[in-house]
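Here is a short briefing on one protein model. Please keep the sequence and the structure in view while reading.

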Amino acid sequence: MGVSLSDLKHTELGLVNFENEWSILRSDNAQEAVQALSSDVLFAEENFFNKFRGINDVVEYLECTQCDQFQLRQLAVGQALTGREEAALMTLGEYFEIVKKEPPLVTDQARLFITSFSEYFGIEEGDWKNPLH
């Protein structure tokens with residue numbers, strides 16, 4: 001869903017500059033770092049991941065999130081898989097608008113994703129470029 005463990009700690013606890021607690025700088029702090037990371041993973045499970053019971057919960061979460069281009073891909077797939085083709089087409093169009101301004105390598109990868117998406121879900125190119133017929 002495009003959410004990192006550090007993002008969750010920042011969002012849920014308001015913490016900043018805590019990433020170094022996961023670093024092992026000397027052999028004598030390895031156990032401390034492992035314990036901190038383990039505790040944070042359990043925190044993320046309890047406070048974030050447990051609220052997702054299925055794909056619909058993930059789609060609803062992403063729809064309420066200001067998505068980056070990678071999350072938009074996940075959202076479009078989720079919408080299509082849950083039978084919300086019109087929403088998926090709009091999301092794919094939004095994704096296309098973002099990536100067409102990117103460097104050629106990113107644009108090429110985006111075109112491959114869009115082509116694969118279109119083939120898998122049986123969508124014509126014109127449908128996602130202009131989802132509101």
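**Aromatic rings and helix packing**

Both Phe113 and Phe117 are buried. The model is a predicted one. These two rings are a good place to begin.

**The Phe113 and Phe117 pair**

- Phe113 and Phe117 form an aromatic pair, with 6.0 Å from centre to centre.
- Their planes meet at 45°, and the pair is tilted. That class applies because 45° is neither under 30 degrees nor over 60.
- Both residues belong to helix H6, which spans residues 104-121.
- Phe113 and Phe117 are 4 residues apart in H6, so about one helical turn separates them.
- Arg73 lies over the face of Phe113. The distance from Arg73 to the ring centre is 5.1 Å.

**The wider aromatic set**

- Phe113 and Phe117 are also part of a cluster linked by ring pairs. The other members are Tyr95, Tyr120 and Phe121.
- The count of aromatic pairs comes to 5.
- Phe52 and Tyr61 make an edge-to-face pair, because their planes stand at 85°, over the 60 degree cut-off. Their ring centres are 5.4 Å apart.
- Phe52 has 16% relative accessibility, so Phe52 counts as buried. The cut-off for buried is under 20%.
- Tyr61 has 24% relative accessibility and therefore counts as partly exposed.

**Helix H3 and its partner**

- Helix H3 covers residues 55-63.
- Which residues of H3 are buried? They are Asp57, Val59 and Leu62.
- The buried residues of H3 pack against helix H4. Helix H4 runs over 69-81.

**The protein as a whole**

- How many helices and strands does the protein have? There are 7 helices and 0 strands.
- Read along the sequence, the pattern is α-α-α-α-α-α-α.
- The protein has 133 residues, and buried residues make up 32% of them.
- Consider contacts between residues at least 6 apart in sequence. Of these, 47% join residues at least 24 apart.
- The exposed area of the protein is about 8800 Å². Carbon and sulfur atoms supply 52% of that area.

Methods
Residues numbered from 1 in each chain as written. Predicted model: local features only at pLDDT ≥ 70, side-chain atom pairs only at ≥ 80, totals over all residues. Heavy atoms only, no water. Buried < 20%, exposed > 50% of the residue type's maximum accessible area, 1.4 Å probe, protein only. Helix = DSSP H or I, 4+ residues; strand = E, 2+ residues; numbered from the N terminus. Contact = heavy atoms within 4.5 Å. Phe/Tyr/Trp six-rings, centres within 6.5 Å; stacked < 30°, edge-to-face > 60°. Lys NZ or Arg CZ within 6 Å of the ring centre and 35° of its normal. Areas by Shrake-Rupley, 256 points an atom, 1.4 Å probe, with all protein chains shown as cover.
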